[in-house]
Amino acid sequence: MSGGSSHDRGTGHFVRERLTSFLLIPLTVWIIATLVAYAGADHAAVVALLTDPINGILMTALVVIGLYHSVLGVQVVVEDYFFDPQRRALLIVNWIAHLLVGAVCLYAIARLVF
Amino acid sequence: MADKQTVNPALRPRPVSPHLQIYRWPVTMATSIVHRVTGVGLSLAAIILAWWLLSAALGPGTYDVFTDVAGHWFGQLVLFGITWALVYHFLNGIRHLMWDFGYGFAVPTAASNSIIVISLSVVVTIVVWILGYWVKGDLAL
């Protein structure tokens with residue numbers, strides 16, 4: 001029985017989880033510092049922030065890498081507490097939910113930039 | 001040896017394995033569980049990030065709705081919780097990465113840096129929010 005369970009794809013999952021968490025270290029520092037700096041900022045200031053090339057790229061990176069890290073993390077929780085067929089269904093729901101949230105984030109960034 | 005046979009083995013006191021009610025929870029168990037809980041919490045918080053970005057993209061009118069909700073005391077409480085979850089998951093995540101490189105595995109080390117991570121996450125979160133209110137102009141430092 002496979003279907004994305006950790007026993008046959010565990011090493012890849014482990015490596016991707018570590019790689020994304022490593023990349024998220026500077027991105028987390030950046031988002032906290034940025035949100036503190038923009039506390040109480042008006043709409044125009046936030047639009048200026050997100051359309052700035054460096055900050056726009058960092059926000060896109062945070063969304064993509066953060067959500068992928070989130071998919072991997074939730075997958076472990078699902079695999080720990082659920083068995084097939086619920087497990088299989090929830091692993092699909094996990095991906096769909098994350099793809100939806102990611103699509104909204106990227107659409108918003110794209111709409112601001114273009 | 002014969003007299004021992006007179007005691008019913010089923011009535012002898014049996015060895016008791018660690019039981020939830022008497023089990024002393026090591027602090028490393030708390031950090032591990034909280035890491036998972038904050039992780040799932042942050043997955044849900046991604047919805048708020050998406051809402052924030054979409055509100056900004058849709059224009060000032062929509063953005064005002066977001067800032068009104070975020071600025072309400074309950075919104076601030078939720079955002080404070082998310083900040084702490086992020087700071088905690090960040091700090092404990094670094095602890096996990098250090099384990100992966102072979103550092104901090106000894107039980108006393110793992111226990112003491114558990115306490116450091118928990119304390120530091122609270123301190124950093126409070127400092128972040130004090131700075132935020134200061135930037136916002138609601139607080140004179």
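Helix 4 of chain A gives the largest share of the lining of the second largest pocket, 6 residues; helices here are DSSP runs of H or I, at least four residues long, numbered from the N terminus. This is a predicted model, where local features need pLDDT of at least 70 and side-chain atom pairs count only at pLDDT 80 or more, while totals for chains, interfaces and linings use all residues. Residues are numbered from 1 along each chain as its sequence is written, chains are lettered from A in the order in which they are written, and side-chain values use heavy atoms, without hydrogens and water.

A pocket is an open set of points on a 1 Å grid over the protein atoms alone, where a 1.4 Å probe fits, with protein on both sides within 12 Å along at least five of seven lines; lining residues have an atom within 4 Å of a point. The second largest one has 15 lining residues, and V74(A), N94(A), A97(A), H98(A) and L44(B) sit nearest its centre. By class, that lining comes out as 12 nonpolar, 3 polar and no charged residues, with Ala, Val, Leu, Ile, Met, Phe, Trp, Tyr, Cys and Pro taken as nonpolar, Asp, Glu, Lys and Arg as charged, and the others, Gly among them, as polar.

Now for the interface. Here 39 residues of chain A are in contact with 29 residues of chain B, contact being heavy atoms within 4.5 Å. Across it the rule finds 2 salt bridges, each a side-chain nitrogen of Lys or Arg within 4 Å of a carboxyl oxygen of Asp or Glu. R18(A) makes a salt bridge with D100(B), with the closest N and O atoms 2.7 Å apart.

Note on methods:
Helix = DSSP H or I, 4+ residues; strand = E, 2+ residues; numbered from the N terminus.
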